[in-house]
Amino acid sequence: MNIELNIGLDVPGAVNTPASRDMLAMRATAYLTAAFAGVAVRRYESSYLQDGATVTEAGMAVRMTAERPVDWMIAGLSAILSQDCIGVLDADTGAGLLVGPKAAEWGDFNPEYFNRF
């Protein structure tokens, strides 16, 4: 199955610097390349309005191949990176979900906010 991920590189409540974002991206890439085939990574920034102000967050889009369900491994990565959740898209079926310790607080997967690889 072909999977795409959206992984935030800003940690809630932390001072998010270019160096800290680079460290999270390297940690995520190392984790994923050790477990999955065909991992490709693209960095992005996304902006949205919150309380009348524009918020810009850094993230990474990942494309990879998996031969088994991956939810538990993605949940582990979310915890390692101190992320509330990670967006997961099955690129073959178009089905998406949020996976991580606070996924329920974010609601349902919304493809409008997903950065395709």
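1. Let's start with β4 (strands here are DSSP runs of E, at least two residues, numbered from the N terminus). Ile86, Val88 and Asp90 point one way from this strand, while Gly87 and Leu89 point the other way. All of them are buried, meaning under 20% relative accessible area with a 1.4 Å probe, protein chains only. With 5 of its 5 residues buried, β4 is largely enclosed by the rest of the structure.

2. A word on the source: this is a predicted model, where local features need pLDDT of at least 70 and side-chain atom pairs count only at pLDDT 80 or more, while totals for chains, interfaces and linings use all residues. Residues are numbered from 1 along each chain as its sequence is written, and side-chain values use heavy atoms, with hydrogens and water left out.

3. Next, the partners of β4. Two strands pair if DSSP finds at least two bridges between them. β1 runs antiparallel to β4, joined by 4 bridges, and glutamate 4 has leucine 89 as its bridge partner. Another 4 bridges join β4 to β5 (residues 96-99), also antiparallel; here glycine 87 stands opposite leucine 98. The β4-β5 hairpin has 5 residues between its strands, and glycine 94 in the turn has a positive phi of about 85°.

4. Do look at β2 and β3 too. They pair in the antiparallel sense over 12 bridges, with valine 41 partnered by valine 62. Their hairpin has 2 residues between the strands, and aspartate 51 takes a positive phi near 55°.

Key. Buried means under 20% relative accessible area, exposed over 50%, partly exposed in between (1.4 Å probe, protein chains only).
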